[in-house]
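Me: Hi! I am new to reading protein models, and I would like to learn how to read one feature by feature. Could we go through this one together?

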Amino acid sequence: MRQDHLITATQLSRDDIEAVLDRAREVAADPAAYMDRHAGAVLALCFFEPSTRTKMSFDTAAKRIGADTIDMGGVESSSVKKGESLADTVRVIEGYADAIVLRHPSEGAATLAAEFVDVPVVNAGDGAGQHPSQTLLDLHTIREDHGLDDLTIGIMGDLKYGRTVHSLAAALTNFDVRQHFISPESLRLPRSVRFDLHETGAQVREHTDLEEVLPELDVLYVTRIQKERFPDENEYHRVAGEYRIDADTLEDGKEDLTVMHPLPRVDEIAADVDATDHARYFEQAHNGVPVRMALLDTLLGDDEGTEVDR
Ligand code: CP
């Protein structure tokens, strides 16, 4: 990778992505070859917001490459509760760990943290900003089904606040992918993300109706519509109902359509989709382990014990 920190998917080139995903394939094929590779290394898990998948899969990934983990604990049980700044917190933790995984409710938090420390920082979600390690596992999941070129991908749901969407959309500009964004008008992609996509020359279209585009899609990436974003609960229920899929909805999709979701889901994908050949979201979550093993292996240093350039 060109940079030691992983803060945003926009920093990733096609070569960067393919290098991590190639390594993830190797890891998945022969995990034993990576065991103990980073014995003695310590990964700090600093989660200022709840997480199941990201935190636990980084924890597992670190342990499977021989590293140990330390966990800051929630905000309530750390000195953040006493008013310690993020900058001070990470400056202290870099003395305990070889890399820091940071989730924070504020957009830009990982960028700020990276300015204060020399160890690699991985942005595990910063508010409505970015979630680039999620993107790597999303791309791995897509690649294993379809490859990453000459694809039509629909991304549906809360595109305004969905950080997984912002990262995925940026990363897909490295590939020959037609991107269709499907959302209510009020939850369209932020102007800044649309601007960046247009600057890259990405093939992008926006829709309010999934039916318009479903038959063309190779991948449908569904995201949760966040109830807390709606001042009026009735409006939330109206919007959420319109962007819910079930097995019947997918009758109009391609036979090999892949349905993904970063999870957690609420009810935007009905349970009857789980049993279809389209559902890939649990496998996607499981892919977090080999992909994060590959990422940590890259950030902590190569197999000769050489550190990545900083
Ligand atoms: N996909 C994802 O970020 O899930 P968590 O919030 O559980 O980490």
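Me: Let me start with one residue. Is arginine 224 buried, partly exposed or exposed?

Reply: Happy to help, and please keep in mind that this is a predicted model. To answer you, look at the relative accessible area: buried means under 20%, exposed means over 50%, and partly exposed is in between. Arginine 224 has a relative accessible area of 27%, so the residue is partly exposed.

Me: Where does arginine 224 lie, and which residues does arginine 224 touch?

Reply: Start with the place in the chain, then look at what surrounds the residue. Arginine 224 lies in the loop between β8 (219-222) and α8 (233-242). Not counting residues up to four places away in sequence, arginine 224 touches Asp158, His261, Pro264, Val266 and Glu268. Take Pro264 from that list: arginine 224 and proline 264 are 40 residues apart along the chain, and their C-alpha atoms are separated by 7.5 Å.

Me: His261 was also among those partners. Is histidine 261 buried or exposed?

Reply: Use the accessible area again. Histidine 261 has a value of 1%, so this residue is buried. You will find histidine 261 in the loop between β9 (258-260) and α9 (281-286). Its side chain makes a polar contact of 2.6 Å with the side chain of glutamate 268. Leaving aside neighbours within four places in sequence, histidine 261 is in contact with several residues, including Val222, Thr223, Arg224 and Tyr281.

Me: What is unusual to look for in the backbone?

Reply: Here is the general idea: most residues other than glycine have a negative phi, and most peptide bonds are trans. Now for the cases here. Leucine 263 and proline 264 are joined by a cis peptide bond, with omega about 5 degrees. Proline 264 lies in the loop between β9 and α9.

Me: Which residues other than glycine have a positive phi here?

Reply: Look at two aspartates. Aspartate 36 has a phi of about 70 degrees, and its place is in the loop between α1 (14-29) and β1 (42-47). For aspartate 150, phi is near 55 degrees, and this residue lies in the loop between α5 (132-146) and β5 (151-156). Aspartate 36 counts as exposed at 54% relative accessibility, and aspartate 150 counts as exposed at 52%.

Me: There is a ligand too. Which residues are around the ligand?

Reply: To read a ligand site, list the residues around it and then check the atom distances. The residues around the ligand are Ser51, Thr52, Arg53, Thr54, Arg103, His131, Gln134, Pro262 and Leu263. A backbone N or O atom of threonine 52 is 2.8 Å from an oxygen atom of the ligand. In arginine 53, an N or O atom of the side chain is 2.9 Å from a ligand oxygen atom. A nitrogen atom of the ligand has a backbone N or O atom of leucine 263 at 3.1 Å. The ligand taken alone exposes 250 Å², and the protein buries 90% of that.

Me: How do I read salt bridges, and how many are there?

Reply: The general idea is that side chains of opposite charge can pair when their charged atoms come close. Taking a side-chain nitrogen of Lys or Arg within 4 Å of a carboxyl oxygen of Asp or Glu, the count comes to 20 salt bridges. One of them joins the side chains of glutamate 49 and arginine 163, at 3.2 Å from N to O. Glutamate 49 lies in the loop between β1 and α2 (53-64) and arginine 163 in helix α6 (residues 163-172), so this pair ties together parts that are 114 residues apart in sequence. Glutamate 49 counts as partly exposed at 23% relative accessibility, whereas arginine 163 counts as buried at 15%.

Me: What does the salt bridge of lysine 55 and aspartate 71 tie together?

Reply: In this pair, the closest N and O atoms are 2.9 Å apart. Lysine 55 lies in helix α2 and aspartate 71 in strand β2, so the pair ties together parts that are 16 residues apart in sequence. Aspartate 71 is partly exposed, with a relative accessible area of 43%.

Me: Last one: which residues make a nonpolar surface patch?

Reply: Look for nonpolar side chains that come together at the surface. Ile70, Val92 and Tyr96 make such a patch, of about 270 Å². Isoleucine 70 is found in strand β2 (residues 68-71) and counts as partly exposed at 33% relative accessibility.

Note on methods:
Residues numbered from 1 in each chain as written. Predicted model: local features only at pLDDT ≥ 70, side-chain atom pairs only at ≥ 80, totals over all residues. Heavy atoms only, no water. Helix = DSSP H or I, 4+ residues; strand = E, 2+ residues; numbered from the N terminus. Buried < 20%, exposed > 50% of the residue type's maximum accessible area, 1.4 Å probe, protein only. Polar contact = N/O pair within 3.5 Å; in protein donor to acceptor, adjacent residues only side chain to side chain. Contact = heavy atoms within 4.5 Å. Patch = residues over 30% accessible without salt bridge, like charges linked within 9 Å, V, L, I, M, F, W, Y side chains within 5 Å. Areas by Shrake-Rupley, 256 points an atom, 1.4 Å probe, with all protein chains shown as cover. Near = heavy atom within 4 Å.
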